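Let's walk through this model together, one question at a time. Keep the picture open beside you as you read.

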Amino acid sequence: MLRPHLVALILLISTLSSQAETGNEQDINLPNIGDSTGTLISPIQEQQLGRAFMRSVRQQTSISQDPEIRDYIDAIGKRLGSVSDSPTYPFHFFIVMNPAINAFAGPGGYIGVHSGLILATESESELASVIAHEIAHVTQRHLYQAFEDSKRLSLPTAAATLAALLIGSQSPEAGQAAIMAIQAGSVQHQINFTRDNEKEADSIGMQTLARSNYDPHSMPLFFEKLQQSSRFYGKGPPEFLRTHPVTSARIADTRSRSEKYGYRQVTDSIDYLLVKAKLLVLSDKNSRNTIKLFKKRLTRGTSEQKDVAQYGLALAFHKNEEFSNAIPLFRKLVEKNPQQPHYVTALAAALFEGGEHKKSLATYKSAIEHFPALLSIRQSYGEALLRSGQAKKAQQQFLVIDRYILTSPELYRLIARTYKLTGEAAQSHRHLAESYYLNGRINEAIRQLTLAQKAAKNDFYLLTQIEERLDLFLKIRKMMRKG
Ligand SMILES: [Zn+2]
């Protein structure tokens, strides 16, 4: 049987590929999208939809720009992805700064985890179990089965709608066409993975979890906690349960499956503990409370746990602009743990914000010599250089990162800023255009490219590149307007 959403998906893909507007597509005999052979959407088309989805996500919600947090979620995600059923699949992981307990897998392997979910976990294995579950939804291609939609959506509208449904937002930025589609009920109101989908994601996710040496028991444990939290607190179930319904039967099922793996003592990585402390500071609106909380923890647990509490406390002081309290705490941590990059980066950042620019830059510089492969330090160093007016040096750091991370809007914005300061206007506008584009702001992107075009009038090579991009952006805007 030809299911309506199959038609919608192949249409939106063909719209992008060929811009064809002819009818009769419904008569085409389509292969079943759910048969996990990947025959309906080619990998390239799936990546196109994924990138458009990601642009909508950035437009609709706030993604953590902190380079250390980005590197952490990327590392844990890649560790799991590399032992999943599709080890070579290009997964992308990111953290949404939102207190709701939620995680989701979009098209093209874009997996988002809310900061609220990370803070709700009590072990790294619990966090890994959610990511492994999401990875399994991707490898089993469940999203394409769940996104039932009989409307003919263009690619940008489908991407925006998927983003709105998965994040649970209907923000004004969701895109007019997406909101209208949702409100008019012409697309399904929710993404509902079926019970079979959930069961499969649990069982395959658990295999991944076990292969990557996390504790499989943490999966039923965490899901049970989610279920209980909705029962006891009465403020509605966590967002995660909206798209991934957890039943007692499912928990029992997962528990009995986890028994097969035997017991395993897994220690949380220091990175997990430090990132959690940082997220707590970043998401707390009252730093006085955070300061109190970490002060209490200072005397508890292992030496490592005390260090983490000290780090959290110092970060909270930093956030509260109490640099004379923060700097000595960071300094002690660096002396005790010279091999821990988080501490030295935090020290350099506090020195900078505290007005000690020279000391800060020197600290960053020695940190890079110590940890040359860590892009997060380079980014923070580059930003400090930029803010000290050393645009050329900052640019060198950013361009090293750019070789590895090609799609960060934040990085493009920073590179644009360095070009502005070195007087290269065309390059500046061009990079700013990419930043806006990745954030889903197509009008601003087009405006910047038009400015770049004017500024590059004597550079034929650059002009050609700009005009090619402009062409594409104009086409995308046209499609977005059609909805
Ligand atoms: Zn699920």
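## Strands, helices and a core

Strand 1 (residues 92-96) and strand 3 run parallel and are joined by five bridges. Strands pair if DSSP finds at least two bridges between them; helices (H or I, at least four residues) and strands (E, at least two) are DSSP runs, numbered from the N terminus. Please note that this is a predicted model, where local features need pLDDT of at least 70 and side-chain atom pairs count only at pLDDT 80 or more, while totals for chains, interfaces and linings use all residues. Residues are numbered from 1 along each chain as its sequence is written.

Q: Which residue of strand 3 is the bridge partner of Phe-93?
A: Strand 1 pairs with strand 3 in the parallel sense. Strand 2 pairs with strand 3 too, in the antiparallel sense over three bridges, and there Ala-105 stands opposite a residue of strand 3 that also serves Phe-93. That bridge partner is Ile-111.

Q: How many of the residues of strand 3 are buried?
A: A residue is buried if 20 or more other C-beta atoms lie within 10 Å of its own, exposed if 12 or fewer, and partly exposed in between, with C-beta atoms placed from the backbone. On one side of strand 3, Tyr-110, Gly-112 and His-114 are buried, and on the other side Ile-111 and Val-113 are buried. Both faces are covered, and the number of buried residues is five of five.

Q: Which residue in the turn of the hairpin has a positive phi of about 75°?
A: Strand 2 and strand 3 form a hairpin with four residues between them. The residue in that turn with the positive phi is Gly-108.

Q: Is Pro-107 buried or exposed?
A: Pro-107 lies in the loop between strand 2 (103-105) and strand 3 (110-114). Among the residues Pro-107 touches (contact means C-beta atoms, placed from the backbone, within 7 Å) are Glu-46, Phe-53 and Leu-162, not counting residues up to four places away in sequence. With 27 C-beta neighbours inside 10 Å, Pro-107 counts as buried.

Q: Which residues touch the most other members of the largest nonpolar core?
A: A nonpolar core is a set of buried Ala, Val, Leu, Ile, Met, Phe, Trp, Tyr and Cys residues joined through C-beta atoms within 7 Å. The largest one here has 114 residues, and its largest share, ten residues, comes from helix 7 (residues 155-167). The members that touch the most others are Ile-131 and Phe-330.

Q: Where does this core lie?
A: Domain bounds come from an automatic or database domain assignment. Both domains give residues to this core, so it lies between domain 1 (4-259) and domain 2 (270-482).

Q: Why do the buried residues of helix 18 line one face?
A: An α-helix has 3.6 residues a turn, so residues three or four places apart point the same way. In helix 18 the buried residues are Ser-360, Thr-363, Tyr-364 and Ala-367. The arc is that of the directions from the helix axis to the C-beta atoms, and these residues line one face because they fall within an arc of 100°.

Q: Which exposed residues sit on the face of helix 18 turned away from its buried side?
A: The cover over the buried residues includes helix 17 (341-353) and helix 19 (375-387). The face turned away from the buried side carries the exposed residues Lys-358, Ser-366 and Glu-369.

Q: How far apart are the end C-alpha atoms of helix 23?
A: The expected span of a helix is 1.5 Å times one less than its number of residues. Helix 23 (residues 442-455) has 14 residues and should span 20 Å. The end C-alpha atoms agree with this, being apart by 20 Å.

Q: Is Asn-213 buried or exposed?
A: Most residues other than glycine have a negative phi. Asn-213 has a positive phi of about 65° although it is not a glycine, and it lies in the loop between helix 9 (195-211) and helix 10. With 12 other C-beta atoms within 10 Å, Asn-213 is exposed.

Technical notes
Two residues are in contact if their C-beta atoms, placed from the backbone, lie within 7 Å.
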